[in-house]
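Please open the model in your viewer and keep the sequence panel beside it, since this tour moves from one selection to the next and says what is to be found at each stop.

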Amino acid sequence: MPHRVRRPLLALAAAVLFLLCLARPAAAHGFSSTVYAHVTGDGDGPLRTRLKLEYDLLVVSAADTGGDDALFRSGTDAFDAGDTAAEAAALDAHRETALGYVTRHLSVSAGGKACAPTPAGAFRMGTEEGVPYALLDLDWSCAAHGSGDHEVRGTLFPDSEGYVKGTKTIVTYDVGGRSGSAALDSGHPSFSISQAWTQRFWEFFRLGAEHLLTGTDHILFLLALIAGSRRPREVVLAATSFTLAHSVTFLLAALGLVDVPSGLVEPVIALSIAVVAGWHLWRIRGRGTQVAELRAPAEGRFALDRAGWTRLGVVFCFGLVHGLGFAGALGIEAAWTWTLLWSLLVFNVGIEAVQLGIIAVVFPLLLLLLRRSPRAAAWTTGTISACVAAMGLIWFVQRVAGS
């Protein structure tokens, strides 16, 4: 391929990777929070919401918006000491501030009429993914003429507060014979309990698709798989191996059989990106831009040589870890129901749809380039792999250091 074509192509690949890496913070999962809400009721009387809220985030957000410095001091001191009794006591001592914050950002309505919240008991403490969570029950009294079509709206811990980004509220409900689940975020902050199953399906499908699209680390891992594949068969097998692996851990987490701290999962995800990208760089080391050997047909089952099978095994192992990262996005190590499990499977389908879409767009372009100019293809995939490996190592160091 002429220099006038190759150089702009390489520049474009580098620019795309650079912009992609700038699109999200290095810790793709560390800057978000998940709120859990379980809604119950007979459909005619009051509804009860059982809330789980990240403790330190609740303290900071409530104290900031309510101008309550005493809550901030007592709450953070208890958090730093790891004293759960003191944590709950701090919230109860500043009950008006804490409840005021929650009820400003969470509401229930029936028939278009707002329901009135009443706390049912004191604040309690629990944990999710090893993180302290505040537990709070609220009873919602709705006007008699407004019973029936209940709507739940959640905007807790919005991006505008500046503490976290992309808060999700995972709602499960069992109200008047209707049961299901929903995922709320800033783009879709409310849902109706009477919504059709197709709406619930779409919500979790969309959430899974958005999670992959906004999770730069998972996209870079996928680009590393694509760049290091020699034939369509290889990228399909690699993607299938990755899918099977992360589906296994995703479901094991849903069943409560696997619980790995995010402090371990996130650095390993970053390292996996660097390793898979570095694998391709190692393969082309010493061969320069002569990639004919890399494209030689292999013998054996699925036409994979020893290096191909080894790479497939590495991808599968790292896929297991990525599955824990996907699971952590929804905190699904918590107690589950069949309804919630179905929603999580739909979330996984959304992830896979985007993954296949990226492969369908990017890999044919690389194949076309390979057929027209193997030299340019080697430089392009090498540049992509080098950028991905560098970002993976940077993220690994950052996540190990806890930055």
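## First stop: a buried histidine

Histidine 94 is buried, with a relative accessible area of 17%, and in this predicted model its place is the loop between H4 and H5. If you display its surroundings and leave aside neighbours within four places in sequence, you will find histidine 94 in contact with Asp68, Ala70, Leu71 and Ser74.

## The whole chain

Now zoom out and colour by secondary structure, which brings up 12 helices and 11 strands. Of the 403 residues of the protein, 49% count as buried, and the accessible surface comes to about 18300 Å², with 63% of it belonging to carbon and sulfur atoms. Among contacts between residues at least 6 apart in sequence, 75% join residues that are at least 24 apart.

## Helix H2 and what covers it

Select residues 55-66, which form helix H2. This helix has 12 residues and reaches 16 Å from its first C-alpha to its last, close to the 16 Å expected at 1.5 Å a residue. The buried residues in H2 are Tyr55, Leu57, Leu58, Val59, Val60, Ser61, Ala62 and Ala63. To see what covers the buried residues of H2, add strand S2 (47-54), helix H3 (69-81), helix H4 (84-93), helix H5 (95-105), strand S6 (124-128) and S7, which are included in that cover. Before leaving, step just past H2 to glycine 67, where phi is positive at about 60°.

## The disulfide

How many disulfides does the structure hold? The structure holds one, and to see it you should show cysteine 115 and cysteine 142 as sticks, whose sulfur atoms are joined at an S to S distance of 2.0 Å. Cysteine 115 sits in the loop between strand S4 (113-114) and strand S5 (116-119), while cysteine 142 sits in the loop between strand S7 (131-141) and strand S8 (150-154), so the pair ties together parts that are 27 residues apart in sequence. Viewed along its geometry, the link of cysteine 115 and cysteine 142 is right-handed, with 100° about the S-S bond.

Are the two partners buried or partly exposed? Cysteine 115 is buried, at a relative accessible area of 6%, whereas cysteine 142 counts as partly exposed at 21%; the cut-off for buried is under 20%. Two further cysteines can be selected for their accessibility: cysteine 317 is partly exposed, with a relative accessible area of 47%, and cysteine 387 counts as partly exposed at 28%.

## A positive phi at a phenylalanine

Move on to phenylalanine 157, in the loop between S8 and strand S9 (168-175). Its phi is near 55°, a positive value in a residue other than glycine. Most residues other than glycine have a negative phi, which is the background for pausing here. Phenylalanine 157 is also buried, with a relative accessible area of 0%.

## The nonpolar cores

In soluble globular proteins, nonpolar side chains tend to be buried together. For the largest nonpolar core here, which has 45 residues, begin by selecting Leu220, Phe221, Leu225, Ile226, Ile359 and Val388, the residues with the most contacts inside it. At least two residues of this core come from each of helix H6 (197-214), helix H7 (216-227), helix H8 (232-254), helix H9 (262-284), helix H10 (306-330), H11 and helix H12 (374-401). Which helix gives the most to this core? H11 does, with 10 residues. Apart from this core lies another, of 42 residues, and Val35, Leu71, Ala90 and Ala110 are among them. Leu71 was also one of the contacts of histidine 94 at the start of the tour.

## Two residues in the helices

Stay with helix H11 (residues 338-372) and select glutamine 355, which lies within that helix. Glutamine 355 is buried, with a relative accessible area of 2%, and its side chain makes a polar contact with the side chain of glutamate 352 at 3.2 Å. Beyond its neighbours within four places in sequence, glutamine 355 is in contact with Leu212, Leu222, Ala239, Phe242 and Thr243.

For the last selection, go to valine 248 in helix H8, which is partly exposed, with a relative accessible area of 39%. Draw a distance from the C-alpha atom of valine 248 to that of glycine 323, and the viewer should give a separation of 7.3 Å, although the two residues are 75 residues apart along the chain.

Conventions:
Residues numbered from 1 in each chain as written. Predicted model: local features only at pLDDT ≥ 70, side-chain atom pairs only at ≥ 80, totals over all residues. Heavy atoms only, no water. Disulfide = S-S within 2.5 Å. Helix = DSSP H or I, 4+ residues; strand = E, 2+ residues; numbered from the N terminus. Buried < 20%, exposed > 50% of the residue type's maximum accessible area, 1.4 Å probe, protein only. Contact = heavy atoms within 4.5 Å. Areas by Shrake-Rupley, 256 points an atom, 1.4 Å probe, with all protein chains shown as cover. Polar contact = N/O pair within 3.5 Å; in protein donor to acceptor, adjacent residues only side chain to side chain. Expected span 1.5 Å × (residues − 1). Core = buried A, V, L, I, M, F, W, Y, C linked by side-chain atoms within 4.5 Å.
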